Amino acid sequence: MEDPAVFLSRLARFALIPIGLLLLLGAGFSVWSTKAWLARAVETQGTVIEMLRVRDSENKGYLFTPIVRFDTIDGRTVEFQSGLRTNPPLYRTGQEVPVVYDPGVPESAAILGVLPLWMMPIILAFIGSIFLFVATVMIVLTKRVARALDQPSHLADVVGSPGRRQVAVLNRTRS
């Protein structure tokens with residue numbers, strides 16, 4: 001059987017670190033693509049015309065997503081459903097909201113805000129950071145444990161086996 005310290009170290013190096021780096025790379029790509037989209041987008045004001053109630057993915061409750069209407073710079077009226085679904089609702093019917101849209105594809109508009117635009121990179125960066133943190137802790141701890149097990153204990157010289165060492169320590173503290 002393989003040494004558990006070696007297994008955990010390899011798991012961290014060859015699975016957790018690559019996954020964490022890929023998630024951070026995905027977060028970086030998401031930031032880049034959102035910034036590129038915002039560079040060509042136009043900002044305007046929109047109105048929440050309805051709060052649509054939808055079932056959550058586990059069918060246990062409901063989430064709310066706004067349907068927003070706005071006018072483009074060329075005078076067209078466009079309605080879109082936001083991709084952000086929350087409970088409780090973040091918006092209310094009749095509320096004015098800032099909207100950004102690509103003039104070439106105004107139906108792919110979004111509400112201008114941190115959550116609607118930046119939730120994906122935030123989530124990817126957070127999860128990627130957790131993977132990297134856990135991997136780092138695993139590598140550091142397995143190295144420390146391996147080093148500690150390689151060094152002889154002062155009690156190991158007195159009593160030979162680890163089982164007796166614990167008994168010897170208990171007997172010494174009682175007397």
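**Exercise 1. Determine how many helices and strands the chain has, and in what order they occur.**

Solution. The chain of this predicted model contains four helices and five strands. Along the sequence, these elements follow the pattern α-β-β-β-β-β-α-α-α. Of the 175 residues in the chain, 29% are buried. Among contacts with a separation of 6 or more, 59% are between residues 24 or more positions apart.

**Exercise 2. Find the salt bridges of the structure and state which parts of the chain each one links.**

Solution. A search of the whole structure gives three salt bridges.

Step 1. R40 and D102 form a salt bridge through their side chains, with an N to O distance of 3.1 Å. This pair links distant parts of the chain, since R40 belongs to helix 1 (residues 4–40) and D102 to strand 4, 62 residues apart. R40 is partly exposed at 46% relative accessibility. D102 has a relative accessible area of 14%; the limit for a buried residue is under 20%, so D102 is classed as buried.

Step 2. R69 and E79 meet in a salt bridge of 2.6 Å, N to O. Here R69 in strand 2 is joined to E79 in strand 3, ten residues apart. R69 is partly exposed at 37% relative accessibility, and E79 is partly exposed at 42%.

Step 3. R76 pairs with E107, and their closest N and O atoms are 2.9 Å apart. R76 lies in the loop between strand 2 and strand 3, whereas E107 lies in strand 5 (residues 105–111), 31 residues apart. R76 has a relative accessible area of 37% and is partly exposed; E107, with 47%, is partly exposed.

**Exercise 3. Describe the surroundings of the charged residue D56, and decide whether D56 has a salt bridge or none.**

Solution. Step 1. D56 is located in the loop between strand 1 (42–55) and strand 2 (62–71).

Step 2. D56 is buried, and the nearest side chain of opposite charge is that of R55, 5.8 Å away. A salt bridge requires a nitrogen and an oxygen within 4 Å, and therefore D56 has none.

Step 3. The side chain of D56 does reach the backbone nitrogen of K60, at 2.9 Å. Leaving aside residues up to four places away in sequence, D56 touches G61, Y62 and L63.

**Exercise 4. Identify the residues that E96 touches, and the side chain with which E96 makes a polar contact.**

Solution. Step 1. E96 is part of strand 4 (residues 96–102). Its relative accessibility is 47%, a value between the limits of 20% and 50%, so E96 counts as partly exposed.

Step 2. Apart from residues up to four places away in sequence, E96 touches Q45, G46 and T47. The side chains of E96 and T47 make a polar contact at 2.9 Å.

**Exercise 5. Locate the cis peptide bond that joins N87 to its partner.**

Solution. The bond joins N87 and P88, with omega at about 10°. P88 is placed in the loop between strand 3 (77–81) and strand 4. For comparison, most peptide bonds are trans.

**Exercise 6. List the residues of the nonpolar surface patch, and classify F126 as buried or exposed.**

Solution. Step 1. The patch is formed by I123, F126, I127, I130, F133, V134, V137 and L141, which together have about 700 Å² of accessible area.

Step 2. F126 lies in helix 2 (residues 114–150). With a relative accessible area of 56%, F126 passes the limit of over 50% and is therefore exposed.

Definitions and conventions
Residues are numbered from 1 along each chain as its sequence is written. This is a predicted model: local features need pLDDT of at least 70, side-chain atom pairs count only at pLDDT 80 or more; totals for chains, interfaces and linings use all residues. Side-chain values use heavy atoms; hydrogens and water are left out. Helices (H or I, at least four residues) and strands (E, at least two) are DSSP runs, numbered from the N terminus. Buried means under 20% relative accessible area, exposed over 50%, partly exposed in between (1.4 Å probe, protein chains only). Contact means heavy atoms within 4.5 Å. Lys and Arg count as positive and Asp and Glu as negative; His and the chain ends are not counted. A polar contact is a pair of N or O atoms within 3.5 Å; within protein, one must be able to donate a hydrogen and the other to accept it, and residues adjacent in sequence count only if both atoms are side-chain atoms. Patches are made of residues with over 30% relative accessible area and no salt bridge: like charges are joined within 9 Å, nonpolar side chains (Val, Leu, Ile, Met, Phe, Trp, Tyr) within 5 Å. Accessible areas come from the Shrake-Rupley method with a 1.4 Å probe; for residues, only the protein chains shown count as cover.
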